[in-house]
Amino acid sequence: MNTYNPLQLVLFDANDIPGLIALSDSVGWDYDEFEITTVMLSGKIFGHKNAEGKIVSSAAIITYKRNLASIGMVIVHENYRGLGLGKLATQKCIESVSEHTAIMLVATKDGEPLYKKMGFTTVDCVHKYLADHYSGTHSLASNEWTIDDFREQDFADIVSLDAAAFGDQRSNFLKNRLKQSRRCIVVKDHQANIIGFGMSIAGPINLILGPIVAPDSQTATYILDALAKDHHGKLRMDVPSGHAEFTKFLEQNGFKKANTPPVMILHAEKMPARNNTLFAIAAQIFG
């Protein structure tokens with residue numbers, strides 16, 4: 001017997017942000033108004049409301065320019081679990097894009113079995129790092145390039161660098177993320193060419209560092225240092241696999257690995273081609 005009917009599966013809008021924050025809080029996640037606004041501007045959020053209009057489930061899909069999308073924010077209120085709401089909301093996300101669109105997600109431990117049943121396969125992992133504070137007390141410097149604050153005329157360059165690093169062009173998301181960012185910096189070589197960039201996002205609990213795109217691990221550590229050195233408080237980074245030297249630097253400067261969730265994909269056999277310059281993702285929901 002289902003005590004909770006009728007439950008409506010709907011597309012959320014800006015009026016639903018307070019309810020989505022409450023749903024996030026109910027499971028110990030820290031989505032705030034600014035993060036949810038970026039998600040809505042970059043994609044769609046579906047989910048269920050009960051008879052009283054309370055939001056009891058959610059799932060979001062972010063679409064990029066070519067044939068890639070990412071799913072995240074899959075949440076079901078604990079009082080409504082076991083009803084298949086997470087699967088229904090996730091399926092709605094999948095149906096909102098073409099069957100030719102590869103869909104990626106970073107799975108929680110609880111969600112992984114569900115995604116396997118829905119046809120997702122594991123293709124990689126990310127390394128979630130947390131720090132109570134950044135302990136790098138020195139300011140790194142280089143004679144090879146300079147770090148500057150982002151300016152509007154830099155946008156096309158960071159979109160291009162991000163596309164090669166991420167595997168798809170995501171100018172709309174980057175535009176929205178820049179508005180949300182606490183700081184965005186670019187790295188320039190001697191010819192003033194932009195060769196890397198990084199953003200920091202002030203969340204309710206952590207300063208989120210990412211995306212960070214750099215030609216090598218040394219440059220990535222300089223970007224990290226520039227973004228983190230003046231912050232007094234908790235930090236978070238999600239690092240793709242294959243960056244052992246960079247993660248060693250993190251662990252030497254206050255970060256601890258919290259977990260290593262799997263990256264899963266649907267409608268494709270592998271991740272889109274990347275050039276190994278993505279040292280920190282924007283957040284798990286954005287892939």
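**Figure 1. A salt bridge joins Asp132 and Lys234 in this predicted model.** Let's start with two side chains that meet: the closest N and O atoms of Asp132 and Lys234 are 2.9 Å apart. Where do Asp132 and Lys234 lie? Asp132 is in the loop between strand 6 (121–131) and strand 7 (146–149), while Lys234 is in the loop between helix 7 (217–228) and strand 11 (235–240). The partners are 102 residues apart in sequence, so their pairing ties together parts that are distant along the chain. Asp132 has a relative accessibility of 54%, which counts as exposed. Lys234, at 38%, counts as partly exposed. If you're wondering what brings such partners together, side chains of opposite charge can pair when their charged atoms come close. The count for the model comes to nine salt bridges, and the next two views show others.

**Figure 2. Arg183 and Asp149 form a salt bridge between two strands.** Here the N to O distance is 2.8 Å. Arg183 sits in strand 8 (residues 183–188) and Asp149 in strand 7, so this pair ties together parts that are 34 residues apart in sequence. Are these two residues buried, exposed or partly exposed? Arg183 counts as partly exposed, with 30% relative accessibility, and Asp149 also counts as partly exposed, with 44%.

**Figure 3. Arg170 and Asp162 make a salt bridge out of buried residues.** The closest N and O atoms of this pair are 2.6 Å apart. Now check how much of each residue is accessible. Arg170 has a relative accessibility of 2%, and anything under 20% is called buried, so Arg170 is buried. Asp162 is buried as well, with a relative accessible area of 0%.

**Figure 4. Helix 7 crosses helix 8 (residues 244–252).** Two packed helices are described by the angle between their axes and the distance between the axes. For helix 7 and helix 8, the axes come within 9 Å and cross at roughly 35 degrees. The crossing is right-handed. Which residues meet here? From helix 7 come Ser217, Ala220, Thr221 and Leu224; from helix 8 come Glu245, Phe246, Phe249 and Leu250. Sort the residues of this contact by class and you get five nonpolar, two polar and one charged.

**Figure 5. Helix 8 has a buried face and an exposed side.** Stay with helix 8 and look at which residues are hidden: Phe246, Thr247, Phe249 and Leu250 are buried. Why do these buried residues line one face of the helix? Seen down the axis of helix 8, they fall within an arc of 150 degrees, so they line one face. What do the buried residues pack against? Their neighbours are strand 6, helix 7, strand 11, strand 12 (255–259) and strand 14. On the other side of helix 8, you'll find Ala244, Glu245, Lys248 and Gln252, which are exposed. Following helix 8 is Gly254, with a positive phi near 100 degrees.

**Figure 6. The backbone does something unusual at Gly210–Pro211, Ala192 and His267.** Most residues other than glycine have a negative phi, and most peptide bonds are trans. Keep that in mind for the next three spots. The peptide bond joining Gly210 and Pro211 is cis, with omega about 0 degrees; Pro211 is in strand 10 (residues 207–213). Ala192 is not a glycine, yet its phi is positive, near 70 degrees. You'll find Ala192 in the loop between strand 8 and strand 9 (194–202), and at 52% relative accessibility it counts as exposed. His267 has a positive phi too, of about 70 degrees. His267 lies in the loop between strand 13 (262–266) and strand 14 (278–280), and it counts as partly exposed at 37% relative accessibility.

**Figure 7. Lys117 and Asn206 are separated by 33 Å.** To finish, pick out these two C-alpha atoms, which belong to residues 89 apart along the chain. Lys117 is in helix 4 (residues 112–117). Is Lys117 buried or exposed? Its relative accessible area is 75%, and over 50% is called exposed, so Lys117 is exposed.

Definitions and conventions:
Residues numbered from 1 in each chain as written. Predicted model: local features only at pLDDT ≥ 70, side-chain atom pairs only at ≥ 80, totals over all residues. Heavy atoms only, no water. Salt bridge = Lys/Arg side-chain N within 4 Å of Asp/Glu carboxyl O. Helix = DSSP H or I, 4+ residues; strand = E, 2+ residues; numbered from the N terminus. Buried < 20%, exposed > 50% of the residue type's maximum accessible area, 1.4 Å probe, protein only. Axes fitted to C-alpha atoms, helices over the stretch in contact; angles between N-to-C directions. Left-handed = near helix turned anticlockwise from the far one by under 90°. Contact = heavy atoms within 4.5 Å. Nonpolar A, V, L, I, M, F, W, Y, C, P; charged D, E, K, R; others polar. Arc of directions from axis to C-beta.
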